[in-house]
Amino acid sequence: MNDNPRLQGRIALIAGASRGLGAAAAEALAAEGAHVILVARTQGALEALHDRIVSAGGKATIAPVDLTDGDASDRLALGIADRFQRLDILVQTAAILGVLSPIAHVPPETFEKTLAANVTAHWRLIRNFDALLKRSTGGRAIIATSGAAAGGLAYWAPYAASKAALEAMVSCWAEEVRHTNVRVNLIDPGVMATGLRAEAFPGEDPATLRKPEAITPMIVDLALPELELHGQVMRAG
């Protein structure tokens, strides 16, 4: 815990918390005093993260949920509403690569799975937590995107399409809540040493890449209740 925590008492949900940017964000938010709700499919990884946060003096709750399961996502929201009555911070980092392939060779089930994980699951989170964020004194949503959303990368069509759709969807939501207490922003973390990056570039040395922890100060800033920034795509340098 920091000596002067800036998020003391805030309730934060991190979707995709088991590894990479999501795990780093959870630890950073907990260090600032937030009670973090850790959501991902892998229970073992969530338990390990929970133990690290609690050992450092933070507060955490694990919620092993497959976010592509719409009914499970709905139940998660109902459980949080029942326990906390609000949500202050929503961080959405969950994503899959899909496959790197010529677009004509992408299996239909792979394309659909990529869109389900990278778009539909995020829409479900927005749908389910919009009202709980509005119950906060300053609801904050931080959603991870990628430079791939701009398109033009050969063999990246499923992932690029999913991130472009995510950006368009989130920008629409930002306009809908512009005159409420909710602030919505996208964050493009750039190149990082993550599992998804290793899947895309298996020959790359991760030691040469920026760690996800380097991005977390930006996430903490976007989570602050006094934040005015809204409807932006923040790109890490």
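Ala48 counts as partly exposed, because its relative accessibility is 35%, and partly exposed lies between the buried limit of under 20% and the exposed limit of over 50%. This is a predicted model. Ala48 sits in helix H2. Ser18 is 30 residues away from Ala48 along the chain. In space, the C-alpha atoms of Ala48 and Ser18 are separated by 8.8 Å.

Now turn to the interior. The largest nonpolar core has 33 residues. Which of them touch the most other members? They are Leu29, Val36 and Leu38. Several elements each give two or more residues to this core. The helices are H1 (20-31), H2 (43-55) and H7 (216-223). The strands are E1 (11-15), E2 (35-40), E4 (89-92) and E5 (140-144). H1 gives the most, with seven residues.

Take Val36 and look around it. Set aside its neighbours within four places in sequence. Val36 is then in contact with Ala12, Ile14, Ala26, Leu29, Ala30, Ile53, Lys59, Ala60 and Thr61. Another core lies apart from the largest one. This other core has 31 residues, including Ala72, Ile80, Ile126 and Val177.

Next, follow H1. The helix has 12 residues. From its first C-alpha to its last, H1 reaches 17 Å. That is close to the 16 Å expected at 1.5 Å a residue. After H1 comes Gly33, with a positive phi near 100°.

How many residues of H1 are buried? Nine of the 12 are, so the helix is largely enclosed by the rest of the structure. The buried residues are Leu21, Gly22, Ala23, Ala24, Ala25, Ala26, Ala28, Leu29 and Ala30. What covers them? The cover includes strands E1, E2 and E4, along with helices H2 and H7.

H7 deserves a closer look. Two packed helices are described by the angle between their axes and the distance between the axes. For H1 and H7, the angle is about 55° and the axes are 9 Å apart. That angle makes H1 oblique to H7. The crossing of H1 past H7 is right-handed. On the H1 side, the contact is made by Leu21, Ala24, Ala25, Ala28 and Leu29. On the H7 side, Thr216, Ile219, Val220 and Ala223 take part.

Leu29 ties these views together. Leu29 is among the core residues that touch the most other members. It is buried in H1, is in contact with Val36, and helps make the contact with H7.

Methods. Residues are numbered from 1 along each chain as its sequence is written. This is a predicted model: local features need pLDDT of at least 70, side-chain atom pairs count only at pLDDT 80 or more; totals for chains, interfaces and linings use all residues. Side-chain values use heavy atoms; hydrogens and water are left out. A nonpolar core is a set of buried Ala, Val, Leu, Ile, Met, Phe, Trp, Tyr and Cys residues joined through side-chain atoms within 4.5 Å. Buried means under 20% relative accessible area, exposed over 50%, partly exposed in between (1.4 Å probe, protein chains only). Helices (H or I, at least four residues) and strands (E, at least two) are DSSP runs, numbered from the N terminus. Contact means heavy atoms within 4.5 Å. The expected span of a helix is 1.5 Å times one less than its number of residues. Axes are lines fitted to C-alpha atoms, for helices over the stretch in contact, and angles run from 0 to 180 degrees between N-to-C directions. Angles under 35 degrees count as roughly parallel, over 145 as roughly antiparallel, 65 to 115 as roughly perpendicular and the rest as oblique. A crossing is left-handed if the near helix is turned anticlockwise from the far one by less than a right angle, and right-handed if clockwise.
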